[in-house]
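This briefing goes through a single structure by topic, from its sheet to its helices and salt bridges. Please read it alongside the sequence and the model shown below.

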Amino acid sequence: MADDPIDGQVLLLTAAKASVPPSRLPALVERAQALLEGDLERYRRSHERVYAAADREAFLVDEGHWERLGERMGVDDRERSAIQRAHEEQFRRIGRHTDRKAEFESSLEIRKPVLVGVGEREPAEESAQHGQ
């Protein structure tokens, strides 16, 4: 599995604002990531990639994208909204850290961000994340 595209601090911030239990959000984001990773090549071909790094890529998608992903995942609207919010908060954070805040904020007015993890995790890191 690739690196998680959402930082831990972003998950904490999002969980505080979301209507899902904070303990549930990381698992939801991970489930979404499994689907997003499987579609990475399609995102690269069909969507504007606005950011790429060794560990994640960010794409801009249409308004209905998150609803369709939520349906594929079988999650309710609150859970889907929390996942989407995590991606939006991470996108804003990247914009701040890359001096592209204004550009990223204005893009949010017309499209939604999707972040996909791309680099491989270290085996020890993956084991630690699964409590092994």
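Two strands are taken to pair if DSSP finds at least two bridges between them. The model is a predicted one. Its three strands form an open antiparallel sheet, its helices α2 and α5 pack at an angle of about 75°, and a search of the whole structure finds 18 salt bridges.

**Sheet**

- The strand order in the open sheet is β1-β2-β3, with antiparallel pairing.
- β1 and β3 are the edge strands, each with a single partner, so one side of each has no neighbour in the sheet.
- From one strand to the next, the twist averages 25°.
- β2 (residues 56-61) pairs with β3 over six bridges, in the antiparallel sense.
- Within this pairing, L60 has P113 in β3 as its bridge partner.

**S107 in helix α6**

- S107 belongs to helix α6, which covers residues 101-107.
- With a relative accessible area of 12%, S107 is buried, because the cut-off for buried is under 20%.
- Leaving aside residues up to four places away in sequence, S107 touches L60 and F91.
- L60 is thus named twice: as a contact of S107 and as the bridge partner of P113.

**Helix α1**

- The buried residues of α1 include V10, L11, T14 and A15.
- These residues lie on the same side of α1, because they cover an arc of only 130° around the axis.
- An α-helix has 3.6 residues a turn, so residues three or four places apart point the same way.
- Q9, L12 and A16 are exposed and sit on the face of α1 turned away from its buried side.
- The cover over the buried residues of α1 includes α2 and α5.

**Packing of α2 and α5**

- Two packed helices are described by the angle between their axes and the distance between the axes.
- For α2 and α5, the angle is about 75° and the axes are 10 Å apart.
- The two helices α2 and α5 are therefore roughly perpendicular to each other, since angles of 65 to 115 degrees count as such.
- On the α2 side, L25, L28, V29, A32 and L36 take part; they meet E79, A82, I83, A86 and H87 in α5.

**R31 in helix α2**

- R31 is placed in helix α2.
- Its relative accessible area is 37%, so R31 counts as partly exposed.
- Between R31 and I83, the separation is 52 residues in sequence and 9.7 Å in space, C-alpha to C-alpha.
- Not counting residues up to four places away in sequence, R31 touches R24, M73 and V75.

**Salt bridges**

- Side chains of opposite charge can pair when their charged atoms come close.
- E89 and K17 form a salt bridge in which the closest N and O atoms are 3.8 Å apart.
- This pair links distant parts of the chain, with E89 in helix α5 (residues 77-97) and K17 in helix α1 (residues 8-17), 72 residues apart.
- E89 is buried at 13% relative accessibility, whereas K17 is partly exposed at 48%.
- R24 and E79 meet through their side chains in a salt bridge, at 3.0 Å from N to O.
- That pair also links distant parts of the chain: R24 is in the loop between α1 and α2, E79 is in helix α5, and 55 residues separate them.
- R24 is partly exposed, with a relative accessible area of 32%, while E79 is buried, with a value of 12%.
- Each partner of this bridge has a further contact listed above: R24 touches R31, and E79 is among the α5 residues that meet α2.
- A salt bridge also joins the side chains of R111 and E48, at 2.5 Å from N to O.
- R111 lies in the loop between α6 and β3 and E48 in strand β1 (residues 48-52), so the pair ties together parts that are 63 residues apart in sequence.
- R111 is partly exposed at a relative accessible area of 25%, and E48 is partly exposed at 40%.
- D7, D55, R56 and R93 are joined into one network by salt bridges that share partners.

Technical notes
Residues numbered from 1 in each chain as written. Predicted model: local features only at pLDDT ≥ 70, side-chain atom pairs only at ≥ 80, totals over all residues. Heavy atoms only, no water. Helix = DSSP H or I, 4+ residues; strand = E, 2+ residues; numbered from the N terminus. Buried < 20%, exposed > 50% of the residue type's maximum accessible area, 1.4 Å probe, protein only. Contact = heavy atoms within 4.5 Å. Salt bridge = Lys/Arg side-chain N within 4 Å of Asp/Glu carboxyl O. Arc of directions from axis to C-beta. Axes fitted to C-alpha atoms, helices over the stretch in contact; angles between N-to-C directions. Parallel < 35°, antiparallel > 145°, perpendicular 65-115°, else oblique.
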